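Q: Could you take me on a close look at one part of this chain, and then show me how the rest is laid out around that starting point? I am new to reading structures, so please go step by step.

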Amino acid sequence: MSDFLFIDDIDEPSEEVTRPTWKLLVIDDEAEIHSVTRLVLSDVEIDGYKLEFLSAYSAEEAQRMFEEHNDIAIALVDVVMETDHAGLELVRWIRETKENHATRLILRTGQPGQAPEESVIKDYDINDYKSKTELTATKLKTITYSAIRSYRDILFIERHRQGLMQVIESTSLVLKSKTLYHFGSAVLKQLVELFQLESSAMYITTLTEDVLRHQSFNVLAATGDFVTNEHNEYNFDQSKIPEDVKQLLKRALDEKKTLVTENCYVGFYPTDSRSVSLLYVQHENPLDDIEKGLLEVFATNIALTFENLTIKEEIQDTQKELIFIIGDAIEQRSKETGSHVKRVSLICELMAKKLDFDPEFVEAFKHAAPLHDLGKIAIPESILHKPGKLDAEEWKIMQTHAQVGYDLLADSNKIIARLGAEISLCHHEKWDGSGYPRQLAGEDIPLVGRIMAITDVFDALGSKRSYKEPWGNDEIKQFIIEQKGKHFDPQLVDILVNDFDEFLEIRNAYPD
């Protein structure tokens, strides 16, 4: 066997070989076995990859190899080394302690009687068992080809499994999006993480029936090279889309199918009869078949989610618009300014943010605020339009609008309507208990009612009414301060006074 000793030179790999390899670990206490194995398998190539040989001369050394290399494709394990069952104990350590079930383990022994084949195959998680005498060069190559192909398929299946798990997790995160913009941003974030496309650029695009006719693109969200300082968070200028990208998008639309080129992916997803979603992903390295499949699964689920979210957002936008229309109609019936509704909504939003309300609650509060005077639809115009002070009976009737507004909204199970009911009922209560309709005091008044109380007065004082002229800013601030602990919650007074100019900006942005 001395003729094989020169094979030790193979230990030094050529520096020119940079391609991936299949790692084969020879575990045997006989140096000749290592040399022969390398010689026989030196020309083996599977799927274009050659073998990379690793050597261990004991079970303990083999354990170190497995600690250092997590991608060993095949291990040829001698049974008898430092002990009679060192190889068997090593197999148990690899499978149970190391939890490695991918590496193909082939037992080789020169002493079959030490470890009978039937009991070993039954009791140990190995993939083959051979005596050294029966392992001819041909058989050694045969089991190597078979074992590495099994290892390759296991990796393929595991990668698919992990990829699908990531797709499921990423899709779940996207489903938490509340708006189309947040949805688009979440999709891009998950795509970047899922496919490790840090240096790439992506678009989420939507096209409506009208847009399709004009071949223009509404970019919902973008990342990477497509992001410029000139966009706002909801819309991107179509002129910023490179011409070659536009042509790919138009081609996907014309051909009504997903396109895959060497460095980009254009997903085509018709969401309904009126619209289409396009997902553009640019990447430096070509996507392999697994990545293409996972991207298709992810994007298909996202398209369905997008359609549902679009319908939901359209309904919500319609509801919000109707609420403002109702609020404007009430104010106009009272011959008050329509801008009051808009300002009150934004001032309530700002106050809620300064109180660190949950963002979702802030949004709901903002859209419920215009309903605060809904009950005035039941008040006679002679009272609403009276230029002077109301008499006692008229004032009693006017006060009923708080309860009427509540009664109109209270039966709804929607958060905006429920908040609107609470605001309607409580926005004329006063901190000292002198308000109406229930004479609540202090923190017994719901916080949304306390916020609306100071917001409504702050804005109304600066506006012209049938019974008064607008007040100056200094007069308004002084009045608010004087009513601290009387009409208004002291904490809210402090916030309004300390950030007075910020609240005034809203009034200036939406004048009467």
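**A close look at Thr455**

A: Thr455 counts as buried, because its relative accessibility is 1% and the cut-off for buried is under 20%. Please keep in mind as we go that this is a predicted model.

Let's find Thr455 on the chain. Thr455 sits in helix α15, a helix that covers residues 447-461. Setting aside the neighbours within four places in sequence, Thr455 is in contact with three residues: Val344, Ile347 and Cys348. These three numbers fall inside helix α10, which spans 339-354. If you pick out Thr455 on the screen, those are the partners to look for.

One of those partners, Cys348, is worth a pause. Cys348 is buried, because its relative accessibility is 0% and buried means under 20%. Another cysteine, Cys426, comes out at 1% and therefore counts as buried too. You may wonder about bonds between cysteines: a disulfide is a covalent bond between the sulfur atoms of two cysteines. With a cut-off of 2.5 Å between the sulfur atoms, the count for this model is zero disulfides.

Now stay in helix α15 and look at Phe458. Leaving out neighbours within four places in sequence, Phe458 is in contact with Ile347, Ile476, Leu496, Phe500, Phe503, Leu504 and Arg507. Notice that Ile347 turns up again: Thr455 is in contact with Ile347, and so is Phe458. Phe458 also belongs to the largest nonpolar core, a group of 35 residues. Within that core, Met351, Ile451, Ile454, Phe458, Leu496 and Phe503 touch the most other members. Which helices supply at least two residues each to this core? They are α10, α11 (359-368), α14 (415-426), α15, α16 (473-482), α17 (490-498) and α18 (500-509). Try colouring those helices on your screen, and you will see where the core gets its members.

Before moving on, follow the chain back a little from helix α15. In the loop between α14 and α15 you will find Pro437. The peptide bond joining Tyr436 and Pro437 is cis, with omega at about 10°.

Next, let's visit another part of the chain. A second core, separate from the one we just explored, has 25 residues, including Val77, Leu88, Ile126 and Tyr129. To get your bearings here, look for the open sheet of six strands, which runs in the order β2-β3-β1-β4-β5-β6 with mixed pairing. At its edges stand β2 (45-46) and β6 (128-131); each has a single partner strand, so one side of each is left without a neighbour in the sheet. Strand β5, residues 104-109, pairs with β6 in the parallel sense over four bridges. Along that pair, Thr109 stands opposite Ser131 in β6.

Helices pack on this sheet as well. Helix α1 (residues 31-41) touches β1 (22-27), β3 (49-56), β4 (72-78) and β5, and its direction makes about 180° with that of β3. Helix α3 (residues 86-97) touches β1, β4 and β5, and its direction makes about 175° with that of β5.

Here is a helix residue to set beside Thr455. Gln63 lies in helix α2, residues 59-68. Gln63 is partly exposed, because its relative accessible area is 28% and that class lies between 20% and 50%. Aside from neighbours within four places in sequence, Gln63 is in contact with Leu90 and Trp93. Gln63 and Val91 are 28 residues apart in sequence and 10.0 Å apart in space, C-alpha to C-alpha.

Two loop residues round off the tour. Asp47, in the loop between β2 and β3, has a positive phi of about 55° although it is not a glycine. Asp47 is partly exposed, with a relative accessible area of 47%. Lys256, in the loop between α8 (243-255) and β9 (259-260), has a positive phi of about 55° too, and Lys256 is not a glycine either. Lys256 is exposed, because its relative accessible area is 59% and exposed means over 50%.

Finally, step back to the whole chain. There are 18 helices and 11 strands, and of the 512 residues, 46% count as buried. Thr455, where we began, is one of the buried residues.

Methods. Residues are numbered from 1 along each chain as its sequence is written. This is a predicted model: local features need pLDDT of at least 70, side-chain atom pairs count only at pLDDT 80 or more; totals for chains, interfaces and linings use all residues. Side-chain values use heavy atoms; hydrogens and water are left out. Buried means under 20% relative accessible area, exposed over 50%, partly exposed in between (1.4 Å probe, protein chains only). Two strands pair if DSSP finds at least two bridges between them. Contact means heavy atoms within 4.5 Å. Axes are lines fitted to C-alpha atoms, for helices over the stretch in contact, and angles run from 0 to 180 degrees between N-to-C directions. A nonpolar core is a set of buried Ala, Val, Leu, Ile, Met, Phe, Trp, Tyr and Cys residues joined through side-chain atoms within 4.5 Å.
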